[in-house]
Structures are given as C-alpha cells and as structure tokens.
Amino acid sequence: MKHVNSQLFGFLNGPHGIFSGEYIELRDEIIDYYRNRGGFDMIRSGRHKIETEEQFNNSLEHCEALKLDGLVVIGGDDSNTNACLLAEFFKKKGSNIKVIGCPKTIDGDLKNEYVEVSFGFDTACKTYSELIGNICLDTRSSKKYYHFIRLMGRSASHIALECAFRTRPNCTLIGEEIEAKSMTLAEIVKDLADLICTRAADNRNFGVILVPEGLIEFVKEIKVLIKEINEIMAQIQEKPKEFADFFNLIVAKLTPQCQELMKFLPAVISEQLLLDRDAHGNVQVSKIETEKLLITLLEVELEKRRKDGKYSGSFQAISHFFGYEGRCAFPTNFDCDYCYNLGKNAAACIDLGFTGLMSVVRNLDKTPEEWVSGGCPLTTMMNVERRKGKDVPVIKKALVELDGPLFKLFAEERTKWREHDFFRSPGPIQFEFNLDYPFLVKAPNPNQLYMKDSLKSYADKNLPFARIYPESNVSPLCLERSQYVPEIPSHLRKSNFKVIVSSEVEYMNEETKNLARKEYPLLADKPLTLIEIVEQSR
C-alpha cells in the first residue's frame, strides 16, 4: 500500500541513467501494461558501471534533485557491488538516500547462505528446457545427429545442471567439475569421443550434449591463457587499429606455453578470446563458440580412431546456442511471486532506514506466506578478486557446489543417461490459460493481430517509448498474465512490519574483511547483522 503522495521513478538504461539523469516517472497506467511479463523494456537495462568521481557525484546530484528516499539497484554480482559503492558514497557525502540491492541474474551465480536464488533463473531454465526437450525428441526421432547445445552461464554451470535434470541429455559438461579435475581440452575431447564410440557400438549415432557458456574459462590451460591476456590488455594504453597487429602484440607478450596454445586453437576461437571485454572487464564468453570448438576437435579425434580401427560409426554434429531466447521469456509464477516480494521487501528496508543491504527472501521451497524476508549487508557477500590488474572486493560469484546434494544426485544419475536415452521433454511453461492455436491452422485477420485501440499515440510525447501503446506487441496471453495476483506475506502487503536483528554476519575471510573496511569504511567498519522484516505484532 503506497502513500498517496509517493512517487516512483525509473532510471533509463541502467546505471547510465543514474549518472546522466535520464529517467521517467513510473505511474500506474504505465506499470500496469508490464505486470508479470518478461524483459526489462519498461525502463531498459544497461551494462555501464558507475566508476569515476564525476559519475558518483552526478548520481548523487540527480537522486537528490528527485528528493529520493531510496534507490533500488537490480542486477547481478557486479551491479550489486556498484550498489554498495553508491551506498558508501552517498553516506560519505551526508546524504540520507538509502541504497538497496535486489538479486537478478538468470545465470544463478548470485547465490549464498542468504540469497537462495536470483530471479529470472527459474524462467530461463524452464524456457531452455522446453527447447532442449524438443531437440531430444527430434534426436530420438531422426537418430542421426549429435546436438551440441551451449547454454548461458558465463561463470557458473547452474543453468546447464538445472536443464540437465529437466531434460536428461546424454552428457552435460559442468565447468566446475572440469576445473576441479584439472581437465585439459584434450581430456574433455577424449571423454566425449569415448561416449560417442560406446553409443556407436550400440548403433546409436546420435545424442544431445549440453555445454555451459563459460566452459572455456574452466579448462586449465585456457584459464591460464585468458588470465594472461587480461593482464596484458589491462596494460595496453592504445590498441592497434588493425586486428592482425593487435593479435601479434598480445601473442608476443604471452608465455611460451600460452603462445603454443593460441597457435593450436582454431583461428576463430583465438580471435574470439581477444574481443573487447565487457563493462565489468569480463571475457565475452557468449561470443566464444565453445560448442563448435568441441565439434571440430572431435571430428579430428574420431577420424584418427577410425583409421586405427577403433570407431566405425557416423558423426554428424549440429551446434546451437541458447542465450537470449531465455532472457525475456514469460516469467513463471514462482518468479512473479519472488520479484514482487523482493520489491516490497526492498521498499520496507528503505522505509526502516537501512542502506547497503541486499533485499533477501528465504524459505523459497515453502509457500509464499512462509517466506522469510529481510536484508543482508552487501559487504559480507564480497570476496577479493583481480579486476583490470588490481585486487578489489566484489560480490562473490556462486559456482556449482560439487559436494552439494544437487550435483551428487546428478553424478549418480548421469551414468545411465550417457549410453541410453532417458530424454525428457518438459514442454512449455504452463499458465493454465485457454488453448491458443497456431496461425498455420487458420490465418488471422487484422483485428486479431492488434488489440483494440492499441495503435493510438501516447498523449505525452516526452515518454521515451515507441509512440504506440505497449498493447500493440502483447498477445492475449500477456493480458491474461497481467491479471495474475502474486502471493505476498500479509505483513509486507499491509506495510505492517518491523525489523529484528537475526544474527551477526561474518566475512568470508580476514583478507576480505580488511579490504572491505578499507574500501567501505562507513558501511563495513561496524558489527554487521542480518535483519529480518517481520509482522509488527511479533
């Protein structure tokens, strides 16, 4: 329940909108069109970071000009690290504006003792699983192709593992396991070749193999290579205009072992390793076609085995990359409920006067009424990492836990999935709405393509949207979903809450503690506690 005079603003294009002062007021008539839909097109997202003193000062200036009580930063580990920097800066400047973070990343790598999952993960995995399930059925039908499917997940293999349980492919590579075993590229190829040969002996010259997007960063020798490239690129003052000159410059500065590896890799992969880093200094692994690299190396290995009389099957491979297909899908009911709770909870944290926290909701395996809402200090989620040539405290990415129950179950079950076909096709996300037949069955008339009055212009020409109502690109399913009412605990719904201190939160290690206190003296140099937001009567 909001105050009659309250206002909500949305900064456009992520952090860039904050320090550039680009925003819109989010009124009910705008928000209502976007309820329970995927994407972030209402205010759009961005990959910028707030880094310079000028950007921090401008951010504070624009927030104070709007007379904000609080700023909510929605994003992954890097975005929430930026939220912590803003909270520290605002406090240092004497501002009363509170900064709260919310966990959003489909990769699932923003997870810890207090954050059980980030929103978007459930929707993305179920969307990818529908596509993988379709391919599994096609594979079993045609019986002649190996499908190598690369899935999003830059730094962790959570998506690949989740989709493996939902679809049961023949092989799923888990980057964290490959790193733990110090497997080389040659060893990975040998294991896959063994699988293909075993299946060929049983007349199964087909299969489905899942590859996490960030696999290449887990391979021992390639991880060393990427680290060396990052260090070299951080020191280059002026990048040569010609790529060939840039390539030769980098290779000349590599150690002999890495030079040999760069020459061994297919040229297209070597070039992709040198692409510009993203705004956070990360390799753009989504542009490195790891699945095609594996196919190329497998073709060589299998041909060698064929000549040695150890393989007589047929290998026809098809590569896929499922990335953006899962990012803006219709959110599951779980994600809808979770998002509304995170938002209500973030507002409660601001109302109660807290800053530098992440909005956390726990007990997610229970009903929403049993969910536990509260906040955890962002600094306690940090770990020291090397970024752009220097050590900095950043929120730690959560990797697949090889000693955790989920991976242990996977390790037990995958053996039978390798040689036999336990494929599962989960189908599309279900919302229990009326059947919507495809246009191939019956062509639509124009009235069915556009909702009534959807093409009329906005009265306010200053709004930064296309000059048509959002209804023009929504389906009847969109409108149905807008009526879904998320479940929220009564104390958040009625704003009948108070805060209690749950427990003191410890740093991961002494190094992180010392560096966090140095970088965030106002936020970190005091006892840090996990809070819970509970019903007023408790």
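Which residue forms a salt bridge with D109? In this predicted model, the partner of D109 is K397, and the closest N and O atoms of the two are 3.8 Å apart. The pair is a good place to begin a walk through the charged contacts of the structure. D109 sits in the loop between β4 (98-103) and α5 (121-142), while K397 belongs to the loop between β12 and α15, so this salt bridge ties together parts that are 288 residues apart in sequence.

K397 also takes part in a salt bridge with D77, where the closest N and O atoms are 2.8 Å apart. Here, too, distant parts of the chain are linked: D77 lies in helix α4 (residues 77-92), K397 in the loop between β12 (390-395) and α15 (405-419), and 320 residues separate the two.

Are these charged residues buried or exposed? The cut-off for buried is under 20% relative accessible area. D77 has a relative accessibility of 5% and therefore counts as buried. K397, at 13%, is buried as well, and D109 joins them with a relative accessible area of 2%.

A further pair offers another setting. D202 and R204 meet through their side chains in a salt bridge, with 2.9 Å from N to O. Residues between the buried limit of 20% and the exposed limit of 50% are called partly exposed. D202 has a relative accessibility of 43%, so D202 counts as partly exposed; R204, at 23%, is likewise partly exposed. Elsewhere, salt bridges with shared partners join K190, D194, E301 and R305 into one network.

How many salt bridges does the structure hold? The total is 22, and the pairs D77 with K397, D109 with K397 and D202 with R204 are among them. As a general idea to keep in mind, side chains of opposite charge can pair when their charged atoms come close.

Finally, a word on confidence. The protein has an average pLDDT of 87, and 89% of the residues score at least 70. Residues 454-459 have a pLDDT below 50, and this stretch makes 19 contacts in the model beyond near neighbours in sequence. Residues 463-469 also fall below 50, with 26 contacts beyond near neighbours in sequence. Where pLDDT is low, the predicted coordinates should not be read in detail.

How values were computed
Residues numbered from 1 in each chain as written. Predicted model: local features only at pLDDT ≥ 70, side-chain atom pairs only at ≥ 80, totals over all residues. Heavy atoms only, no water. Salt bridge = Lys/Arg side-chain N within 4 Å of Asp/Glu carboxyl O. Helix = DSSP H or I, 4+ residues; strand = E, 2+ residues; numbered from the N terminus. Buried < 20%, exposed > 50% of the residue type's maximum accessible area, 1.4 Å probe, protein only. pLDDT = per-residue confidence, 0-100. Contact = heavy atoms within 4.5 Å.
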